[in-house]
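The report below goes through a single protein chain, from a loop contact to the helices, a strand and a pocket. Please keep the sequence and the model in view while reading.

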Amino acid sequence: MRRSPHQFTSIGSTSPTLWLTRGYAVLDGPTLPIVADVKEDADGATAGGPAPEPNDTFVEQLTDSARAAVNEAVKRGVVDPTRVSVGGHSYGAFMTANLVAHAPDLFAAGGAWGV
């Protein structure tokens, strides 16, 4: 039987529950948007050449969003700023690697799987 309402929740190495029991706060599924800063005229055309791509400012947008999320959690008193980690799978793993590389002051650890 699959997906029985009587099944137990499993706690694996990537489970938020595991990290909660170890004293970590978990932001489960925070939104860290990466958008292009496109300025269009009235006709919908971009001025000054080709439109910028979202990845032109990827690292800056990613680290700013993560910093805002962590700072808010610290401000609310639910996070020890010396014990913040980040993790993700697939695209989340790519973001994790970039956050650990470009915001080492923000994260004590990072875990990436399915890269």
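## Loop, helices and pocket

Ile34 sits in the loop between α1 and α2, where helices (H or I, at least four residues) and strands (E, at least two) are DSSP runs numbered from the N terminus. This is a predicted model, in which local features need pLDDT of at least 70 and side-chain atom pairs count only at pLDDT 80 or more, while totals for chains, interfaces and linings use all residues. Residues are numbered from 1 along each chain as its sequence is written, and side-chain values use heavy atoms, with hydrogens and water left out.

Once neighbours within four places in sequence are set aside, Ile34 is in contact (heavy atoms within 4.5 Å) with Pro54, Phe58, Gln61, Leu62 and Tyr91. Ile34 and Asp56 are separated by 22 residues in sequence, and their C-alpha atoms lie 9.9 Å apart in space.

The chain as a whole has three helices and two strands, and from the N terminus on these elements follow the order α-α-β-α-β. Of its 115 residues, 21% count as buried, a term that stands for under 20% relative accessible area, with exposed meaning over 50% and partly exposed the range in between (1.4 Å probe, protein chains only). The accessible surface of the chain, from the Shrake-Rupley method with a 1.4 Å probe, comes to about 8400 Å², and carbon and sulfur atoms hold 54% of that surface. Among contacts between residues at least 6 apart in sequence, 53% join residues at least 24 apart.

Two of the helices can be set side by side; the expected span is 1.5 Å times one less than the number of residues.

| Helix | Residues in helix | Expected span | Distance between end C-alpha atoms |
|---|---|---|---|
| α2 | 18 residues | 26 Å | 26 Å |
| α3 | twelve residues | 16 Å | 16 Å |

For α2, the expected span and the distance between the end C-alpha atoms agree, and the same check on α3 agrees as well. The buried residues of α2 are Phe58, Gln61, Leu62, Thr63, Ala66, Val70 and Ala73, and they pack against α3. After α2 comes Gly77, with a positive phi near 80 degrees.

In α3, the buried residues are Ala93, Met95, Thr96, Asn98 and Leu99, and these pack against α2, β1 and β2. Asn98, a residue of α3, has a relative accessible area of 14% and is therefore buried. Leaving aside neighbours within four places in sequence, Asn98 touches Phe58, Val59, Leu62 and Ala103.

Which residues does Gly88 touch, not counting residues up to four places away in sequence? They are Ala93, Thr96, Gly111, Ala112 and Trp113. Gly88 belongs to strand β1 and is buried, because its relative accessible area is 8%. Gly88 and Gly114 are 26 residues apart in sequence, with 8.4 Å between their C-alpha atoms.

Ser90 lies in the loop between β1 and α3. Its phi is near 60 degrees, a positive value in a residue other than glycine. With a relative accessible area of 40%, Ser90 is partly exposed.

The largest pocket has a volume of about 880 Å³. On a 1 Å grid over the protein atoms alone, a cavity is a set of points where a 1.4 Å probe fits but cannot get out, whereas a pocket is an open set with protein on both sides within 12 Å along at least five of seven lines, and lining residues have an atom within 4 Å of a point. Grid points are joined across faces, edges and corners, and the volume is the space filled by probe spheres set on the points.

The lining of the largest pocket has 33 residues, and Val26, Leu27, Ser85, Val86 and Gly87 lie nearest the centre. At least two lining residues come from each of α1 (16-21), α2 (58-75), β1 (85-89), α3 (91-102) and β2 (109-113). By class, this lining has 20 nonpolar, eleven polar and two charged residues, where Ala, Val, Leu, Ile, Met, Phe, Trp, Tyr, Cys and Pro count as nonpolar, Asp, Glu, Lys and Arg as charged, and the others, Gly among them, as polar.
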